[in-house]
Amino acid sequence: MLPEERKLDLLKNLAASSPYSAPQDSRQILPSVVQLLKKYMPRRKTGEETNFTYVECLLYTFHHLASKAPNATNSLCCYKIVTGQPSDRLGEDFSEYYKDLTERMTHVEELARATTKKLTQGMAEHNKAMAAAKTDEAKDNKTQKQNTTTGLRTCNNILAMTQPLHSKSPSFIGDKRINLSWKEATKPSVPSTATAAGGKRPASTTNGPSNAGAKKGRGAGGLQNQLVNRALEGLSLGGRSGMRGRGRGWGGRGRGRGNW
């Protein structure tokens, strides 16, 4: 069984690399991602804490993989995406899967909204505390404010990604509209004079890690998919860490308090 920190690292890396996956790889990994979504988005109160960061990673991964192999979701979620291929499986009844998915998403949306409200209210208190605090206290409050900001981004991302999935023929988010909560917002790069004149482009994050991830995605094969699926199966053995929310309904308890 993977340690807690390794589980979170795995999901973050999976989310970050999912935009570069090939269609066939996406089709093979999607079932494992859907199973994990079911684990971390329970339909009703379970008495266990909810891990928002896990849900954000999995929803982000689901959207990007599904955008590469959209009709694979027909048999997994009872969507009605028509490509004209036998793999559409439109003649089969998967309606129970759609009901199950929408119930789980409704619960996570309720808890995310409740947590967002609590965090927003707390921001004003943090600002007042920072203004009145001494140096050491100010540092602690600054860290708390950063955690609160990340929490708000996580909840907002979850709400943005679940909304289109309520449709029977959803449009999957396969572009850069969603910026993962733990990442800095990307700024558009300004081409240098040398680049504009046809000179050599300087090294940057645009032609560094991103392209490396793209190459890894393009080179993924059957063995790599088996390893990914095996790692994802390890996540289903239990344990939750990272950003957690407690509230009514979806997998929580108490009064919507967020834990970080």
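Start by selecting Arg-43: at 30% relative accessibility, this side chain counts as partly exposed. You're looking at a predicted model, by the way. Arg-43 sits in the loop between helix H2 (23-40) and strand E1 (50-51).

Now, which residue does Arg-43 meet in a salt bridge? Add Glu-103 to your selection: the two side chains pair up at 3.8 Å, N to O. This pair links distant parts of the chain, with Glu-103 in helix H5 (residues 95-132) and the partners 60 residues apart. Glu-103 is partly exposed too, with a relative accessible area of 29%.

Stay on helix H5 and pick Asp-100 and Arg-104. Their side chains form a salt bridge at 2.8 Å, N to O. The two residues are 4 apart in the helix, so about one helical turn separates them. Buried or exposed, this Asp-100? Buried, at 13% relative accessible area, and Arg-104 is buried as well, at 12%. Both values fall under the 20% cut-off for buried.

Next stop: Asp-175 and Arg-177. Here the side chains meet in a salt bridge of 2.9 Å, N to O. Asp-175 is partly exposed at 35% relative accessible area, while Arg-177 reaches 59% and counts as exposed.

To finish, select Arg-43, Asp-100, Glu-103 and Arg-104 together: salt bridges that share partners join these four into one network. If you'd like to keep hunting, a search of the whole structure finds 5 salt bridges, including the Glu-103 to Arg-43 pair where the tour began.

Definitions and conventions
Residues are numbered from 1 along each chain as its sequence is written. This is a predicted model: local features need pLDDT of at least 70, side-chain atom pairs count only at pLDDT 80 or more; totals for chains, interfaces and linings use all residues. Side-chain values use heavy atoms; hydrogens and water are left out. Buried means under 20% relative accessible area, exposed over 50%, partly exposed in between (1.4 Å probe, protein chains only).
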